There are 2 protein chains.
Amino acid sequence: MSRRVSESTIRRLSYYLRALEALEGSGAATVSSEELAERGGTTAAQVRKDLSQFGSFGKRGLGYAVKELECTLRRILGLHVRWRVALVGAGRIGSALFEYPNFAQRGFDCVAVLDADPAKVGSRWGPILIRPVSELERTVRELEADLVILAVPPEAAQDLAERAVGAGARGILNFAAVQLRVPRGIPVKDVNLVFEMEALSFAITQADSHA
Amino acid sequence: MSRRVSESTIRRLSYYLRALEALEGSGAATVSSEELAERGGTTAAQVRKDLSQFGSFGKRGLGYAVKELECTLRRILGLHVRWRVALVGAGRIGSALFEYPNFAQRGFDCVAVLDADPAKVGSRWGPILIRPVSELERTVRELEADLVILAVPPEAAQDLAERAVGAGARGILNFAAVQLRVPRGIPVKDVNLVFEMEALSFAITQADSHA
DNA sequence: TCCTGTGAAACGGTTCACAGCC
DNA sequence: GGCTGTGAACCGTTTCACAGGA
């Protein structure tokens, strides 16, 4: 239960969980690694390897119990508790995230929104009052935010990350196009749409020059 | 020049490019693999390996010429041409993307926006008229969109992807939480914020249970 | 028979270490 | 001396193939 688990495994676990949720809706009680693989975009052997890192959840000859496995995956991913999220940056991306219904549905509660723009500070997003970024530390500490989302310009990201972690944040979702340096043990996930677009651009260009 | 290049290499190339852009601003003419590694969050050896897959761009004893390497990377990534993008889904995420200034700056021009909601169809986003999704094929074909961004509910994504590709789209940026099945040779990049958040949740939970 | 769980083999990516050029 | 370019070693991940339980 305490081995090193790869990033790719974790991503696939999320896919499996989505697949199981869909399956439960359709009433299936049991599912094979084959079917899970199909929906998760991988292979049956990979599904079994992934799951076997955490235990033996299937029945040979039968497959996996949908509801049970779903529950197990939630627990493995740490989704049996709710997470408190502070959103830094009330711009376009911030507001899209804030209104994203799946977010709360999946166990992530936005408990605070902060912004550097004095024009935004003090206004409300639903029940949430927008605070100045100067209050980042206090906000994280007092509201006990576990996770911080940085939807800010790249110049500001490093400083805000350090302050957030100093105040007790335990993980960061980073939308800024910089490689953040944070203390060991603080996970950082980067989301960068330009990078993804550039990867598409590369793949297409490559395919062309190869043809 | 025609080897199989890994996803991780491409992602790092994007980071290197950002680093070079920043360096150019600061006036440095030359840069070592060491420094590039620092900014890209990797190692010097990795930088050299990554670059060596495409040619020899450095001078031994000296390093890499900033401007030249920047230009080379742009060309490798296929960013020497502009890309035509059709955005499907004019919701929160769609609008955030649409207004994202870096997007156009990096060579991606949004040439069309489509939505399934009749209330949105016909309204304007700046110069762009929102079209009904029923016109997806015609839009992609007539406006010669290379890339399609799917910011739509998961149920709709697979169908739209197939239709977009059928009409000539060459790559897809997918915000829906489903594994799209597309013809061989069509790159798909998935962006899923919930997955990233779940990865954070997992990492923190894991760290706790390990302590 | 069916399908899981898992060692072993194959593969691919990263790190090392050094030869080669400035 | 400094720093790149690169084969070789290393290491983690995926695939294979099959033993074993339902």
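In this predicted model, 24 residues surround DNA strand D, and those that come nearest are Ser6(A), Ser33(B), Arg48(B), Gly58(B) and Tyr64(B). Sorted by class, the surface near the strand holds 12 polar, eight charged and four nonpolar residues. On the DNA side, sugar or phosphate accounts for 58% of the strand D atoms within 4 Å of the protein, and bases supply the rest.

Individual contacts show both parts of the DNA being met. At the backbone, a phosphate oxygen of DNA strand D lies 3.1 Å from a polar side-chain atom of Arg12(A). At the bases, chain B takes part: a side-chain N or O atom of Arg48(B) is 2.8 Å from a base nitrogen of strand D, while one in Lys49(B) is 3.0 Å from a base oxygen. Several elements give two or more residues to this surface: from chain A, helix 1 (7-25) and helix 3 (44-52), and from chain B, helix 3 (44-52), strand 2 (58-59) and strand 3 (63-65).

Next comes helix 8 of chain A, which runs through residues 154-166. Its 13 residues reach 19 Å from the first C-alpha to the last, close to the 18 Å expected at 1.5 Å a residue. Ala157(A), Leu160(A), Ala161(A), Ala164(A) and Val165(A) are its buried residues. A simple rule helps in reading such a list: an α-helix has 3.6 residues a turn, so residues three or four places apart point the same way. The cover over the buried residues of helix 8 includes strand 4 (83-88), helix 7 (136-143), strand 8 (147-150) and strand 9 (171-174) of chain A. After the helix comes Gly168(A), with a positive phi near 120 degrees.

Definitions and conventions:
Residues are numbered from 1 along each chain as its sequence is written. Chains are lettered from A and ligands numbered from 1 in the order in which they are written. This is a predicted model: local features need pLDDT of at least 70, side-chain atom pairs count only at pLDDT 80 or more; totals for chains, interfaces and linings use all residues. Side-chain values use heavy atoms; hydrogens and water are left out. A residue is near a molecule or strand if one of its heavy atoms lies within 4 Å of it. A polar contact is a pair of N or O atoms within 3.5 Å; within protein, one must be able to donate a hydrogen and the other to accept it, and residues adjacent in sequence count only if both atoms are side-chain atoms. Helices (H or I, at least four residues) and strands (E, at least two) are DSSP runs, numbered from the N terminus. Ala, Val, Leu, Ile, Met, Phe, Trp, Tyr, Cys and Pro count as nonpolar, Asp, Glu, Lys and Arg as charged, and the others, Gly among them, as polar. The expected span of a helix is 1.5 Å times one less than its number of residues. Buried means under 20% relative accessible area, exposed over 50%, partly exposed in between (1.4 Å probe, protein chains only). Contact means heavy atoms within 4.5 Å.
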